[in-house]
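The following exercises concern one protein chain and its interior. Each task is followed by a solution in steps.

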Amino acid sequence: MTRNTSTGCANHNSYFTLDHTESKIDGDEQQTVYHFTATPLTSSPWGEGFQHGSPPAALVSNLLEAGAHEAGLDMGAGRFSRMTVDILGAVPLGKLLGHTTVIRPGKRISLLECVVTGESGREFIRGRGWWLKETDTSAIERVVADNIPGPENGEPATDWLKHWASGYIDSIEVIRVPLPERERDNAEANPNCYWTRSAYPTVAGQEESAWTRLMKTADIANGLNMHLLDIKEWTYMNVDMSVYLHRMPVGEWTGIVAEHNYGPDGIGTTIARIYDTSGPIGTINQAIMLAPVN
């Protein structure tokens, strides 16, 4: 597969534009269908004409939260605890349609699903999110993850950015911070954490939630392994991503400590802890398909 090393930041100021919406009847329910256009800022390093996984993940967040609002869920009284993105095929640049349905309705617990398709109707993404009603549990709040140094302690990951150069990668900021050595029984731990942010909105003209801001960069987790696999010798694309948040992030930076597990049969996993500048906020899990470059 030929890598796309072209840049796409010039003359674009968002990952998607919202062209228009339409209302459709699905069974007994009215459904809002959103029509988007993906800009070159979404482009993947793995080939021409399709997107990196992060912008569609942010679009999933955008659609799930819009669907929650349409369903009458009080976003001030509850929030999404988990969002999962299943990648059903390479997401193309250009026109996309998205809609959201409530799979499991409830005032305390709701499960929502969004679908992103092309104009032909082919599905490229299915995303699901659990919305939970909030309760004050500050008296028992706890986390088990170690804290990590903040982005002010690192340097731009220039080699990583050049390694993955593409429209999307060129649009984000990535800071690498060395971590203290950690003892492990098996493979060596990732020696670095990475802080990342993007100044570009997911959808032009729309304010972003903390979930959507996080999802704009979460999908880079499986690529934070330059010290392990050479992309000239191996491909390692993820087919999904699940993000769990025990606390909502604050601020624009997302810290990622990613660990990569590779099985003997061409299948791997990425397991990452994620942070804001105040401490741990949750985890990322990805299923990885490993293959040698022919």
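**Exercise 1. The largest pocket**

What volume does the largest pocket have? Describe its lining as well.

Solution. The coordinates belong to a predicted model.
Step 1. The volume of the largest pocket is about 440 Å³.
Step 2. The pocket is lined by 26 residues, of which Trp-46, Gln-51, Gly-53, Met-237 and Asn-238 are the closest to its centre.
Step 3. Strand β10 (residues 234-238) supplies the largest share of this lining, three residues.
Step 4. By residue class, the lining of the largest pocket holds 17 nonpolar, eight polar and one charged.

**Exercise 2. The enclosed space**

How many cavities of 30 Å³ or more does the structure hold, and which residues line the largest cavity?

Solution. The general idea is that a probe the size of a water molecule, rolled over the atoms, shows where empty space is left.
Step 1. One cavity of 30 Å³ or more is found in the structure.
Step 2. The space in the largest cavity amounts to about 30 Å³.
Step 3. Its lining consists of Ala-210, Arg-213, Leu-214, Pro-249, Gly-251, Trp-253 and Thr-254.
Step 4. Helix α3 (residues 210-218) gives the largest share of that lining, three residues.
Step 5. Sorted by class, the lining of the largest cavity comprises four nonpolar residues, two polar and one charged.

**Exercise 3. Helix α3 and Thr-217**

How many of the nine residues of α3 are buried? Determine then whether Thr-217 follows this pattern, and list its contacts.

Solution.
Step 1. Helix α3 is mostly covered, with eight of its nine residues buried.
Step 2. The buried residues of α3 are Ala-210, Trp-211, Thr-212, Leu-214, Met-215, Lys-216, Thr-217 and Ala-218.
Step 3. Thr-217 is part of helix α3.
Step 4. Thr-217 counts as buried because its relative accessible area is 1%, and the cut-off for burial is under 20%.
Step 5. Leaving aside residues up to four places away in sequence, Thr-217 touches Ser-54, Tyr-168, Ile-172, Thr-196, Arg-197, Ser-198, Thr-254 and Ile-256.
Step 6. As a distance check, the C-alpha atoms of Thr-217 and Glu-134 are separated by 26 Å, with these positions 83 residues apart along the chain counted as their spacing.

**Exercise 4. Leu-228 and Ala-258**

Is Leu-228 buried or partly exposed? Carry out the same analysis for Ala-258.

Solution.
Step 1. Leu-228 is located in the loop between α3 and β10.
Step 2. Its relative accessibility is 42%, and therefore Leu-228 is classed as partly exposed.
Step 3. Apart from residues up to four places away in sequence, Leu-228 touches His-260 and Tyr-262.
Step 4. Leu-228 and Lys-216 are twelve residues apart along the chain, and their C-alpha atoms are separated by 24 Å.
Step 5. Ala-258 belongs to strand β12 (residues 254-262).
Step 6. Ala-258 is classed as buried because its relative accessibility is 1%.
Step 7. With residues up to four places away in sequence again left out, Ala-258 touches Asn-190, Ala-221, Leu-224, Thr-270, Ile-271 and Ala-272.
Step 8. Ala-258 and Asn-192 are 66 residues apart along the chain, while 8.7 Å separates their C-alpha atoms.

**Exercise 5. Nonpolar cores and the annotated span**

Which residues have the most contacts inside the largest nonpolar core? Describe also the span that carries a domain annotation.

Solution.
Step 1. The largest nonpolar core has 58 residues, and Trp-160, Met-215 and Val-243 have the most contacts inside it.
Step 2. Helix α1 (residues 54-70) contributes the largest share of this core, eight residues.
Step 3. Apart from this core lies another, of ten residues, including Cys-193, Trp-195, Val-257 and Tyr-275.
Step 4. Beyond residues up to four places away in sequence, Trp-160 touches Ile-169, Ile-172, Val-174, Arg-176, Ile-220, Gly-223, Leu-224 and Met-226.
Step 5. According to the unreviewed UniProt entry, residues 43-130 are covered by the annotation "domain: Acyl-CoA thioesterase-like N-terminal HotDog".
Step 6. In the model, the end C-alpha atoms of residues 43-130 lie 29 Å apart, and the span is 19% helix and 43% strand.

Conventions:
Residues numbered from 1 in each chain as written. Predicted model: local features only at pLDDT ≥ 70, side-chain atom pairs only at ≥ 80, totals over all residues. Heavy atoms only, no water. 1 Å grid on protein atoms, 1.4 Å probe; cavity = no way out; pocket = protein on both sides within 12 Å on 5 of 7 lines; lining within 4 Å. Points joined across faces, edges and corners; volume = space filled by probe spheres on them. Helix = DSSP H or I, 4+ residues; strand = E, 2+ residues; numbered from the N terminus. Nonpolar A, V, L, I, M, F, W, Y, C, P; charged D, E, K, R; others polar. Buried < 20%, exposed > 50% of the residue type's maximum accessible area, 1.4 Å probe, protein only. Contact = heavy atoms within 4.5 Å. UniProt positions renumbered as here; feature names shortened; annotations may be inferred. Core = buried A, V, L, I, M, F, W, Y, C linked by side-chain atoms within 4.5 Å.
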